[in-house]
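Biologist: Could you take me through this protein one question at a time, slowly enough for a first-year student to follow?

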Amino acid sequence: TRTLGEREAGGGGKIDNDTLFKIASNSKAMTAGVLAQARPDHVYNLGGISSVAFSWEHPVLTGAVSGLGVGTLLEAVWAQQRDTDRPVRVLQASSAEIFGVPASAPQRETTPIAPVNPYGAAKAYAHHLVGVYRSRGLHASTVIGAYNISKAADFQLARNLAVELGPDNIRVNCIAPGLVKTDFARALWDPPEAEKRSSANTPLR
């Protein structure tokens, strides 16, 4: 990973023809500079603080990174789209924590946004900002399902490695834990009826 300055000096990091940039999420100038060089058609924002416990210990930092940082990115993308007349699409990874302790599960478009911790509050702010910039003409969306992409990638990696290494008598397994009772997953286990639904398809108990 290289900073923008290092790349301008001729030290751009290349991996499979992709350039990696290191930016400060709260720096509008740095974010705008990277966007100007990369000229993306799509921006996927998966960054941010993702620990509820950490957010209680560092609420201000969580708000700055997972909340204000998204505002910095959206403003920079919107400005580039305005100045270049090139449409840019933005996907913001959200979280079920924006719903706090919902009255029903699963959550829907009409489920009230009522976070109960700093992490959820920061994500809720980012969620609303996406709507604000969408009203300004930016093709921006939030999605909660992106959290599951990494899990699905692990499963498929195990399958691929099993096929590749099987002929050499090498067994490949993927351990996938079932429901873990954490604040992050509270909507899946509280109340008890929700836990029963979530665990119904778990093979081993």
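Modeller: Before anything else, pLDDT is the predictor's confidence in each residue, on a scale from 0 to 100, and we need it here since this is a predicted model.

Biologist: What is the mean pLDDT of the protein?

Modeller: Of the residues of the protein, 86% reach a pLDDT of 70 or more. Over residues 1-15, however, the value stays under 50, and strand β1 (residues 2-3) has the lowest mean among the elements, 38. Taken over the protein, the mean pLDDT is 84.

Biologist: Which element has the highest mean pLDDT?

Modeller: The elements to choose from are eight helices and seven strands. One of the helices spans residues 118-135, and the highest mean among the elements, 96, belongs to that helix, α5.

Biologist: In what order do the strands of the open sheet lie?

Modeller: We can build the order from the pairs, beginning with β5 and β6, which are joined in the parallel sense over four bridges. Strand β6 (residues 89-93) is also joined to strand β7 (residues 139-143), again in parallel, by five bridges. The edges are β5 (42-45) and β7, each of which pairs on one side only. The order of this three-stranded sheet is therefore β5-β6-β7.

Biologist: Which residue of β7 stands opposite Arg89?

Modeller: Arg89 belongs to β6, where it is the bridge partner of His42. Turning to β7, the residue that stands opposite Arg89 is His139.

Biologist: Is the β-α-β unit made by β6, α5 and β7 right-handed or left-handed?

Modeller: To judge this, one looks with the strands pointing away from the viewer and follows the path from the first strand over the helix to the second, which should run clockwise for a right-handed crossover. Here the path leads from β6 over helix α5 to β7, and the unit is right-handed.

Biologist: At about what angle does helix α4 run to β5?

Modeller: Helix α4 covers residues 59-84 and lies across β5, β6 and β7. Its angle to β5 is about 175 degrees.

Biologist: Why does Thr62 count as buried?

Modeller: Thr62 lies in helix α4, and beyond its neighbours within four places in sequence it is in contact with several residues, including Ile49, Phe54, Pro118 and Ala122. A residue is called buried when its relative accessible area is under 20%. Thr62 therefore counts as buried, because its relative accessible area is 0%.

Biologist: How far is the C-alpha atom of Val52 from that of Thr62?

Modeller: Val52 has its place in helix α3 (residues 52-57), and it too counts as buried, because its relative accessibility is 7%. Along the chain, Val52 and Thr62 are 10 residues apart, and their C-alpha atoms are separated by 9.5 Å.

Biologist: Which residue with a positive phi follows helix α2?

Modeller: Helix α2 spans residues 28-38, and its buried residues are Thr31, Gly33, Val34 and Leu35. After the helix comes a residue whose phi is near 45 degrees, and this is Arg39.

Biologist: What percentage of the residues of the protein count as buried?

Modeller: The accessible surface of the protein comes to about 13200 Å², and carbon and sulfur atoms account for 56% of it. Counting by residue instead, the protein has 205 residues, and the share that count as buried is 29%.

Note on methods
Residues are numbered from 1 along each chain as its sequence is written. This is a predicted model: local features need pLDDT of at least 70, side-chain atom pairs count only at pLDDT 80 or more; totals for chains, interfaces and linings use all residues. Side-chain values use heavy atoms; hydrogens and water are left out. Two strands pair if DSSP finds at least two bridges between them. Helices (H or I, at least four residues) and strands (E, at least two) are DSSP runs, numbered from the N terminus. Buried means under 20% relative accessible area, exposed over 50%, partly exposed in between (1.4 Å probe, protein chains only). Contact means heavy atoms within 4.5 Å. Axes are lines fitted to C-alpha atoms, for helices over the stretch in contact, and angles run from 0 to 180 degrees between N-to-C directions. Accessible areas come from the Shrake-Rupley method with a 1.4 Å probe; for residues, only the protein chains shown count as cover.
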